[in-house]
Amino acid sequence: MTTANREIREIVRDEHIMRNRILRLLEGRPSTIPEIAEGLGAPPSEVTYWVMGMRKYGYVREEKEVTDEGYYRYQAIEREIG
Amino acid sequence: MKDDALNRVKYDALVIGSGISGMESALKLGDMGYKVLVVEKEASVGGKMILLSKVFPTLDCASCISTPKMGATIHHPNLTVLTYAEVETIERQDGGFRARIKQKPRFVVETACTGCRQCEMVCKVAVPDEFNADLVSRRAAHIAFPQAVPKKAVIERQGTSRCTFNCPAGIKAHGYVALVRSGEYEKAFQLVADATPLVGSLGRACYAPCESECSRGNLEGPLSIRRLKRFVADMHYAKPRVAPETPPANGMKVAVVGSGPAGLTAAWHLARKGYEVKIFEAAPQPGGMMRLALPPYRLPIEVVEQDIANVTDIGVTIQTNSRIEDLEALKAQGFSAVLVAIGTHLGAKLRVPGEDLQGIVRATEFLRAAKLGERLEVAGKRVVVIGGGNVAIDAARTAMRLHAGSVEVLSLESLKEMPAHPWEIAEAKAEGVTFRHSCGVRDFEGDERVRSINLLRCISVLDEKGRFNPKYSDKRAGTVEGDLVVVAAGMRPDSGEFGLPINPSGTFQVDKGTLQTCIPDVFAAGDAVAGPTMITSAAGEGRRAAFMIDRWLHGQAMDVEEFERRLEMVDKEAVLARQSTYRELPAGAPREAVKLAPGEFYPDEETMTEVEALDAAARCLDCGVCSECNSCVDICPAHAIDLKMQEQEIEAEVGTVLLATGYTLFPADLKPQYGYGKFKNVITGMQMDRLLAPTRPYNAVVRPGDGKVPDSIAFILCTGSRDETLGNPMCSRICCMYSIKHNQLIMGALPLADVTVYYMDVRTPSKGYNEFYEQAKGMGANFVKGRVASISEKDNGNLLLRYEDIENGTVTETEHDMVVLAVGVRPNDEAARLFPGNDLRLDEFGWVGESNEDVNPGATNISGVFVAGAASGVKDIPDSILHAGGAAAQAAAYLERHGRPATDAAALAEKLAAEPANGGAPAASTTETGPASATGSSTAKAAGVAR
Ligand SMILES: Cc1cc2nc3c(=O)[nH]c(=O)nc-3n(C[C@H](O)[C@H](O)[C@H](O)COP(=O)(O)OP(=O)(O)OC[C@H]3O[C@@H](n4cnc5c(N)ncnc54)[C@H](O)[C@@H]3O)c2cc1C
Ligand code: SF4
Ligand code: SF4
Ligand code: SF4
């Protein structure tokens, strides 16, 4: 895990720019936060902010089951409003 | 705010803060028949309690027991609640108190907002969500939390973003940057087009005053705001043109004279309002200076044509080769108003001997001929350009491209003083242009044609008042040989024939705010009024002219204030102070000096790629927070959003004041040995409460560091409490109990997880608390008496706790997935600041002091001011409610003893309702309830305000 410490304000500011990149990664492949982090080359702690923000605003939802390692997978969902 | 705009109201009691204590005091007083004004600084009532998961020791759901009280507070007929408002000062007055209150603008009309959240869903600005203890983002447009009361959106605006504020055209620069960041390029284009149709031209040739003010300029360099505009323009124009919807005609015709940025922008706005607009243009091609002067390597003709097509596509007609000088004749053609926007197309003369020799031309004529493709005998010639501004540089670089043998620029100014942009000078130099500074022309020599120029040394350009008034030394400063001389020494409008009053510089005299001339239906705008400026300024004045002409023709007041109304520019230092560290994000490649071969007319910079554009937009600091991108305005089904709403001042006369301002939490980063803020899986007790709440920020209790469901969670009690080193010797009373609550809830939510609590003491002082503690132990929570000395982080995000095991006397290290710091509480110092001169006495720890806690709880040192709940010292929920009830009784007794002011609770609702700036709250509904007020005044429910 990287501990590159960016301030929260700066991390969440990137949510809009990361959103389409994350949605592209999730196309047909629900993923855990570490998997998304690897795909983006970004720290998982930052990805948590982006994914949870996207979840809050209706872009992703979690799958029911947790992986053996203890992670939820997140999948893209169609949003009604753009 | 002006005094006459002040809303003056009278209440029996003012309650500050609407947490559980404030609500309790207010409700009790209301039930007794007193008129109470409640002021809450957040956008919802409810305080901290509504954000909790469950309450100890009953494990009742915090929302389920808070929301009825929140609803009752808002709907109580004797209570008026102002949310998103702040008390600024309280002073004693005639036995009572006078409070000044600031109602912050929500930018959402409360009575119209239905709480649908669509604005949030489309908002382009993400910031940390303080209501979720910063575990997730929220939007600039937001409803504080799902159970907010009132459930109304608020838009966070801290001012006008600096780029937007400094755009003369009125383009919401921050807005389009934010739209690009979200990948919404077409919307970004349309947002620019809302201000001016010249999206492509400004994207290429704007001098970008926005960038000079960009806050990021204080870090690695400003955002490339202009190039982002070019990017969205190129994206838009690359698509097939779609016929725009033409607005329904309003039956009126307006004539515009001149098709430069001012004329085109005015025509665009007027046509969008339904006017039939015709532009008359003297030149053979439309576009003004953009078409006739700006060299194509900076602004290609196709781009200007695309922008002009925006205007003609919505029905504006342009008649070229039509020089207008007779305004009466235009009016006779049925035009209800005329806008004169003829620019500055006459080159200023130097007034020196020999100026009429052949081979001496004005820069405007030279550039125009080059742009219109006329034959210019430049090849191989020695070209001399006279002037130090950007026009001179454009002429020099154009001559270079027309194969001049040599090009020299003579300027009055030294290199440092030259008005031309430094990068333009650098580019010209890189192309081979040479410069001679601090010299003026004495005379030109030659027979029929110019042969040489005799120079004088210029010692100063401006006089003491900063006006252009060059001074020369007597000595000659040499002679320059030249075959072609281009004079770029200023420009003025060809304004003589219009019969309108003009200034000595030839510009038209108009009312600066409305742009109306002395003939009421004739307006003038752009450089013809201001003198030579830039495209964006001329466009902005064209927009102003359209606004005013529309008002004038509809018989409405030409309201300059309304046209110009906006929030103040956000302060750069304040923006930068929001973060203490910044990741370095270098600005796009610095402008490279381009080396075009002579004769090559291609653009001197490339359009950004999509990746470059996104990276550039990602550097934006969201200065004003809301970007004014208008996405929320466009989607709101209730049309509730008004980004021009204003702050209001309220002055309340009250008989008594109750301070219910609560407490603040200990900032966990003050214990650096625990790594809060550094180690992602170290969180605070409040964050754990959010993770466990039904409205939690995540889908489950998972680690913020990587989303893993934790197997082993440690709690560290007394973080920041009973700690002399931090100046807080007091026990915070609630942290043991909330941690035990967390233990029980976690063991319910994650049955397989291990829970370990590191403690020095567990304090369980009230009814049922000890049983609750025993129950947690019985469920499997492991209580370790030990002092944690430090925490370190492993590569997998797990945490190593080093602690002294008091029972075994050993120093031990254990590993956990996640650590919860049971942070203590601190006094909220806001209450004391309300009383000028520090009249309010605080106790030795900084809490609001009670004059005699033992026998007179709630009473402060100021007679008539009471403290309710945790503002007087940390209390859990039941104790807070009890204390707040007591404070209400004290306040009631005080009012009975000292008499009640003549209340006029209805007035506030009525006043705010009459003021559309606050969102046009409807007239107050009046309900009589409870015991008749002592003064017999009517009771009121401030509907629309008190929600
Ligand atoms: C060489 C040069 C380079 C520049 N570069 C830049 C730049 O890079 N960025 C920037 O922001 N600004 C630049 N400017 C300034 C910018 O072009 C002007 O500020 C802007 O064009 C002014 O707009 P306007 O509509 O007021 O006038 P104009 O653009 O001059 O438009 C007026 C129009 O009215 C027409 N007209 C005049 N008289 C009549 C009449 N009697 N009847 C009918 N039509 C008439 C004219 O032919 C013209 O088409 C530059 C100017 C010059 C000269
Ligand atoms: S979209 Fe409009 S009605 Fe809906 S919450 Fe936002 S402001 Fe209120
Ligand atoms: S204008 Fe844009 S940034 Fe501002 S609140 Fe609305 S959607 Fe958000
Ligand atoms: S940081 Fe963003 S909002 Fe601020 S001035 Fe620069 S571009 Fe505008």
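Trainee: Why is B:His639 called exposed?

Mentor: In this predicted model, B:His639 has a relative accessible area of 68%. The term exposed applies over 50%, so a residue at 68%, as B:His639 is, counts as exposed. B:His639 sits in the loop between α22 and β27 (648-659) of chain B.

Trainee: What makes the backbone of B:His639 worth noting?

Mentor: The phi of B:His639 is positive, about 50°, although the residue is not a glycine. Most residues other than glycine have a negative phi.

Trainee: Which term of accessibility fits B:Asn630, and why?

Mentor: B:Asn630 has a relative accessibility of 22%. Buried requires a value under 20% and exposed one over 50%, so 22% places B:Asn630 in between, as partly exposed. The phi of B:Asn630 is also positive, about 75°, and B:Asn630 is not a glycine. B:Asn630 belongs to the loop between α21 (610-617) and α22 (631-635) of chain B.

Trainee: What makes the bond between B:Phe56 and B:Pro57 a notable one?

Mentor: The peptide bond that joins B:Phe56 and B:Pro57 is cis, with omega of about -10°. Most peptide bonds are trans. B:Pro57 is found in the loop between β3 (54-55) and β4 (60-61) of chain B.

Trainee: What is the omega of the cis bond between B:Val149 and B:Pro150, and where does B:Pro150 lie?

Mentor: For B:Val149 and B:Pro150, omega is about 0°. The loop that holds B:Pro150 runs between β10 (141-142) and β11 (154-155) of chain B.

Trainee: Turning to ligand 1, how do you know that the side chain of B:Tyr207 makes a polar contact with it?

Mentor: A nitrogen atom of ligand 1 is 2.9 Å from an N or O atom in the side chain of B:Tyr207. A polar contact is a pair of N or O atoms within 3.5 Å, so this pair at 2.9 Å qualifies. Oxygen atoms of ligand 1 also approach the backbone: one is 2.8 Å from a polar backbone atom of B:Ala262, and one is 3.0 Å from a polar backbone atom of B:Met534. As to cover, the protein takes up 97% of the 1000 Å² of accessible area that ligand 1 has on its own.

Trainee: Which residues and helices make up the shell around ligand 1?

Mentor: Of the 34 residues around ligand 1, those that come nearest are B:Ala205, B:Glu281, B:Arg298, B:His345 and B:Ile535. In chain B, α10 (261-272), α15 (390-401) and α18 (535-553) each give at least two residues to the shell. Sorted by class, the shell has 20 nonpolar, 9 polar and 5 charged residues.

Trainee: Which residues come nearest to ligand 2, and how is its shell divided by class?

Mentor: There are 13 residues around ligand 2, and B:Cys113, B:Cys116, B:Arg117, B:Cys119 and B:Cys636 come nearest. The classes are 9 nonpolar, 3 polar and 1 charged. Cys counts as nonpolar and Arg as charged.

Trainee: How do you know that β19 and β20 of chain B are paired?

Mentor: Strand β19 (residues 406-410) is joined to β20(B) by 3 bridges. Pairing calls for at least two bridges, so 3 bridges suffice for β19 and β20 of chain B. The two strands run parallel, and B:Val409 has B:Phe435 in β20(B) as its bridge partner.

Trainee: What makes β17 and β20 of chain B edge strands?

Mentor: They belong to an open sheet of 5 strands, in the order β17-β24-β18-β19-β20 (chain B), with parallel pairing. Both β17 (360-362) and β20 (434-436) of chain B pair on one side only. From one strand to the next, the twist averages 25°.

Trainee: How is the open sheet of 7 strands in chain B arranged?

Mentor: The order is β29-β35-β30-β31-β32-β33-β34 (chain B), and the pairing is mixed. Its edge strands are β29 (682-684) and β34 (810-816) of chain B. Neighbouring strands are turned by 40° against each other on average, direction ignored. Within this sheet, β29(B) pairs with β35 (residues 818-823) of chain B in the parallel sense over 3 bridges, where B:Ile683 has B:Val820 as its partner.

Trainee: What share of chain B is buried?

Mentor: Of its 947 residues, 58% are buried, that is, under 20% relative accessible area. Chain B has 28 helices and 37 strands.

Methods: Residues are numbered from 1 along each chain as its sequence is written. Chains are lettered from A and ligands numbered from 1 in the order in which they are written. This is a predicted model: local features need pLDDT of at least 70, side-chain atom pairs count only at pLDDT 80 or more; totals for chains, interfaces and linings use all residues. Side-chain values use heavy atoms; hydrogens and water are left out. A residue is near a molecule or strand if one of its heavy atoms lies within 4 Å of it. A polar contact is a pair of N or O atoms within 3.5 Å; within protein, one must be able to donate a hydrogen and the other to accept it, and residues adjacent in sequence count only if both atoms are side-chain atoms. Accessible areas come from the Shrake-Rupley method with a 1.4 Å probe; for residues, only the protein chains shown count as cover. Helices (H or I, at least four residues) and strands (E, at least two) are DSSP runs, numbered from the N terminus. Axes are lines fitted to C-alpha atoms, for helices over the stretch in contact, and angles run from 0 to 180 degrees between N-to-C directions. Buried means under 20% relative accessible area, exposed over 50%, partly exposed in between (1.4 Å probe, protein chains only).
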